[in-house]
Structure formats: structure tokens, C-alpha cells
Amino acid sequence: MTAAQDFLTASSLHKAFDGAQAVDGVSFTIRQGEIFGLLGPNGAGKTTTIRMLSTVLQADAGDVTIGGFSVGRQGDEVRRLIGVCPQELALYPELSASDNMIFFGRMAGLSGREAKAAARQNLETVGLADRAKDKVDKFSGGMKRRVNIAIALMNRPRMLFLDEPTVGIDPQSRNHIFETVESLRDGGMTVLYTTHYMEEADRLCDRIGIMDHGRLISLGAPRELKARIGDPDQVTLESVFLDLTGRSLRD
Amino acid sequence: MPLHIALLELKLYVLDRGELALSIALPIALFALMYGAFGGESSFSATADIVDLDGGAHARALIQRLDSLDEITVRERAPQDANAALERSAITMAVVIPDGFSQSLDSGAPQPLLFRQRGSGGDTGQIVAGIVRAVAQRMSGEAQLRGTVLDATSGSNIERADVERAIAETLERVRQNPPIRVVERAVHDERPSALDRLVPGLLVMFLMFSITLGAQTLVEERRIGTLERLMTTRLTVTKLFIGKFLSAALRAMFQAVILLTLAFAALRIGGLVDYAELLALSVCVAAAVSAIGLVIGALARTRDQAVWAAVVFTMFMTVFGGTFFDVGADGPLATLARLTITRYAIESMSAVLSAGESLAQQGVGILALGGVAAVALTIARALFRVTETGR
């Protein structure tokens, strides 16, 4: 694997809040065009890591480069390359799906005409073209999740961050999201994906990193991770996860 | 981009019908209170019964001028009708414009108005007579001026119509902006009237409420997750804050315009120039309080924190800034008041309203409010970068 194939490189990332180490020396790379899964129990440091990778939060130490640009020093260049779909439904409920998308498109630097065209195209991608003018407030949970993803695609990013994009939605919507993510990957997009659903990670991710207590404790393709504790055809990713992170309850 | 942020905020504001209705209703309710307290204070009002035996242009102009006065309502009567009303004491005084009034005025010959009255005409009749006398004397002066100027220019090659137009324009200008302005003050009290102080006080207090708007806008965006999403776009923190600042200030001004328009229209506290100057000062106040609201928004983690901090700040500014009482020029209260933006805002507005000062004379107030806006915006931006992104 050459460095040129690594689209994202995180080196020794650290972040503490009020003295508590949320991310403690995390390093990994994500290759161009792969779906990289970041798994971990609640409080493991996944969201903090994503916030640092996506320029929202400054790391206490360490560095991240995305597409050859440093997140710490070249934030604006990095933001041109990335699309972020946060865990929360980051939408204006009083606005229509189309207005939400056009607004965020303008914030991503698109002209009015470009934003409208991108909104139309991305609503089609997530299967909501016929609901473009409806208020987001009236949408089902699954539809809101799809709009949430569509907004992240507004600036035609080369890398997409998806933080638990399938929480609380029905199997049909979830399947639609899987298909969308797979088609984006097939189009060459690099994806960082976090989820608590192990079968989802097993299906989608080319490689998986497992975090716990702010550290990256395991990294590899799903089959490699399973092979570490038994027969990969018999062992589930959930067993690997529980084996690595323990069975005690988390927050 | 800041404009898009501001437009989005305004769109959300308009779409939220409850908030929109409340923001329109509150200034109206506040104005109703003001009107209830001071609306009747203004003054004398009476009906002037007029008998027009002339019917000429000057007679009609006199009636029209009297009718345009706030204090006077004109009721025209036929001569017999006026006599009958005087006989049965239904009225105590009638103004009779004699036949030939307009013609005499044009020729410069003296032509008296006749006040027909029962006895002395009563207090009201005497006041009405005084007002009619003042208006008639002014018209007489204007007629004399017109006659003198026309005589003086009659031999020249200037067209008479041009001279008359120039005279009419000059007289109209003097009527609109009289060289002598009357300011009413209570005996032993050289301070502005209660209304002149309270209108700016309430206006500033209302503008202060928009601290809460500025504080909430950031907290609300944080709560629904859009703030974090915005931070992954190409929007910079500076542009975000300018957009939020613009929208909060515009929303504050929306309410200020309602309140100010009602106060000027119904309480007649000043002219158009005063209105424009108070509006300009309101923009300065709105800017300062919106920026302070963003400081609170940058620090607050929850909606409750934002609202409480904004309310406490507003109360402090309102109470110690002299909204409801005069804090005087010296003493600890005056010193404390100088630490509030309310004091500077109210002083400037009161000076415009009651002392007839111009906006240009309010340099200290404008500088203080503008300075607060600039410094608060800078602090809010810096705090946000530290608290939100850890930079």
C-alpha cells in the first residue's frame, strides 16, 4: 500500500475534556475509495474522533491529513473535500427538504443555481425527489435520515463522514441507505462510517477500526478481525466486538 | 454567506407564526400601556363653531388651518343656526368670518374677525378665541408679506406667478420648520417630561429584550445540531457571527419600528426628523444588544442558561440605566448607570426628543453603543472559538 492511496491519515490524535482523555493516541489511515468502519461502545471516542477529523474540533495533539491537506492548518481546503452527516438530524425542521439542502449548499460555497441543481440530484439519490417541497418536520425518521445524508453530499465531497446514519429507522430506509453508501463507494468516494449495528458494519465496511476508552484497539478487514478469535465463517463481528470491549454495560 | 445566515434566520422567524405574532403583539401591548398612561395627558381640545359669511379662498384657508390643529375641531354653522345655539347656550362662542374677508386680506386693508359669545365666552371659548386669533394673525402677516413682496417686484421683469410661487414655498417651509419651537416644561422641573423620558426608556427596554434573541439563536442551532454541521462547511466563524448579528438586529428593529411608529402616530411626541433620528439611534442600540446576546450565546450551553443570563443582564441594564427613574448626574447611582448601555441610549434619545438636539450631537451615545457592538462581537467570536472548537 503506497502513501498515495491513503486518503486520510490520522497520527497520534489526542483530545481531553476537563482532564478526561476522550481520544488517546489514535492513529489510522483510510484508503481512497474504501468504506472504513469506526466501531466502539458509547463513550469510546468515536464522535470526538470524527469531530476532529471533520475540522469541527481541534486536537490537543497529533495531526490529520485529508487528501493531502492538514486538518489543523488547512481547514478550508479540507472542508472543500469532505461531507459530514452528523449523528443528530442536523436539519431545520420548519424548512422544506429542498430549502435545507440549498441553504447548506450555499454554505458549502455553491452558487444559487449550483445549489438548486445539487439539491435536485441528491434528493433523487436518496429517493426523496417527490418530497422536495415538503417540510422536513412532516417527514418520517427514515426520510429525515436520508435528507441528513443528502445534505452531506451537496458539495460533491471526495470523503463522506457518516456518524450512525441508520439510528432508529425501519429496515427499508436502512437498506436504501446501504445501497446509497455502496453506490457512492463504487463511484470512488471514501467513506468513514460509524454504527452500533455490527451486521451493518460487516456488510458495508472494507475495513474496521474498533475503539474503546479513547484508543484504537483493533483494526482490519471484517474477516481478518473475525479470524483472530475463531473461524471467520462461524464467528460474528458482534462476538469480536464483545471479546475486545467486554460485556459490562456502558453509558 | 453572512447574508444567507441572516436571511435564513428571518425566514425561520416568519415561518414560526407563534413567535411572529408575539413579536408584533408585544410592542402593541406595550404601546397600549403607554397610551393608557399618557395618551390623555396631551392637552386641551375643543370645537370651534365657525360661520363663514365670506366663502373666499382666505376664509377657506383659515378654516382649513384651524381644522388641521390637534386641539381644534371645526364645526361650520349657518348664521341662524349659530345664533340659535348661542341663544340657548348650546355654545358659548362662535367665530364669524365676515363677508369680504378674503378680498380685504388680498388688498391689505384691515378686516376683523368677529367673535360672538355669551358673556366672556367661558374658559374654553377664550382659549379657542386665542388660538383663532393666533392663526388669523399669522395669516395676516403672511398676507402683508405677500403684498409687500409683490409690490416690490411689480416693476421688475419677474413673472408675478413665479413670485407668488416663491412666496408660497417660503411660507410653507416656515410653517413646517418654525424658527421658534415651543418646549413645555413643568414649573420647578427643568428635566424632560415624563413622556419624553419614558418613550426612549421603554423603547430601549424593548430593544434590550433582543439580547435573548441573540443568545438563543446560537444555543438553538447547537441543540438541533445545525451549528456543528455549519462548522464543517466553508462558513467561517466570523461570517457566522456577522450573519447571526444581522438577523438579531433586524428582528429587534422590526419591533422597535412598530413601537416607535405607534408612539409617534398616537402620542405625537415629535416630527418626522425626530422619528428618523430615534430610528437611527435604535439601530445602534439593536446592534449593541444583539452583539451582547451573541456573547451570552457563545458561553451558554443550554437554552435555560441563555435565557436566564439574558434576562438578568436586561434587568440590570433596565433598572440601573434609568429606564423608569432619573438617575441624576452625580452619586453612586449615576456612576453605576454610566456602566450601562441603557443610560447612553436613553440620554441620546431623550436629547433628540425633548431638547431638540440633532443626531449629530449624539456622538458620545453613538460611539458608546457602536463600541459595545464591536467589542461584544469580537469577544463573542473569540469565546465561541475557544468553547466550541477548542482553538
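Accessible areas here come from the Shrake-Rupley method with a 1.4 Å probe. By that method, the surface of chain A comes to about 10700 Å². Carbon and sulfur atoms account for 45% of that surface. Keep in mind throughout that this is a predicted model.

**Stop 1: chain A as a whole**

Select chain A and show it as a cartoon. Look for 9 helices and 10 strands. The radius of gyration is 18 Å, close to the 18 Å that the globule rule gives for 251 residues, so chain A is as compact as a globular protein of that length. Its C-alpha trace spans about 50 × 40 × 40 Å along the principal axes. Colour by burial next: 53% of the 251 residues of chain A count as buried. Turn to contacts between residues at least 6 apart in sequence. In chain A, 66% of these join residues at least 24 apart.

**Stop 2: strand β4 of chain A**

Select residues 61-66 of chain A; this is β4. On one pairing, β4(A) meets β1(A), residues 6-17, in the antiparallel sense over 5 bridges. Pick Ala10(A) and find Val64(A) opposite, in β4(A).

Now add residues 69-70 of chain A, which form β5. β4(A) and β5(A) also pair in the antiparallel sense, over 2 bridges. Thr65(A) stands opposite Ser70(A) here. The two strands form a hairpin with 2 residues between them. Click Gly67(A) in the turn: its phi is positive, about 60°.

**Stop 3: the open sheet of chain B**

Move to chain B. In what order do the 4 strands of the open sheet lie? The order is β2-β1-β3-β4, with mixed pairing. Select 72-76 (β2) and 114-117 (β4) of chain B for the edge strands, each of which pairs on one side only. Neighbouring strands of this sheet are turned by 35° against each other on average, direction ignored.

Next, select residues 46-52 (β1) and 93-97 (β3) of chain B. These pair in the parallel sense over 4 bridges. Ile50(B) stands opposite Val95(B) in β3(B). Add helix α3(B), residues 57-68, which packs on the sheet and touches β1, β2 and β3 of chain B. The direction of α3(B) makes about 140° with that of β2(B).

**Stop 4: Leu359 of chain B**

Centre on Leu359(B), in the loop between α15 (341-354) and α16 (363-389) of chain B. Is this residue buried, partly exposed or exposed? Leu359(B) has a relative accessible area of 26%, so it counts as partly exposed; buried would mean under 20%.

Show its neighbours. Beyond residues up to four places away in sequence, Leu359(B) touches Glu277(B), Ala280(B), Leu281(B) and Ile366(B). Finish with a distance: the C-alpha atoms of Leu359(B) and Ala280(B) are separated by 8.2 Å, though the two residues lie 79 residues apart along the chain.

Terms used
Residues numbered from 1 in each chain as written. Chains lettered and ligands numbered in written order. Predicted model: local features only at pLDDT ≥ 70, side-chain atom pairs only at ≥ 80, totals over all residues. Heavy atoms only, no water. Pairing = 2+ DSSP bridges. Axes fitted to C-alpha atoms, helices over the stretch in contact; angles between N-to-C directions. Contact = heavy atoms within 4.5 Å. Buried < 20%, exposed > 50% of the residue type's maximum accessible area, 1.4 Å probe, protein only. Rg over C-alpha atoms; globule rule 2.2 N^0.38 Å.
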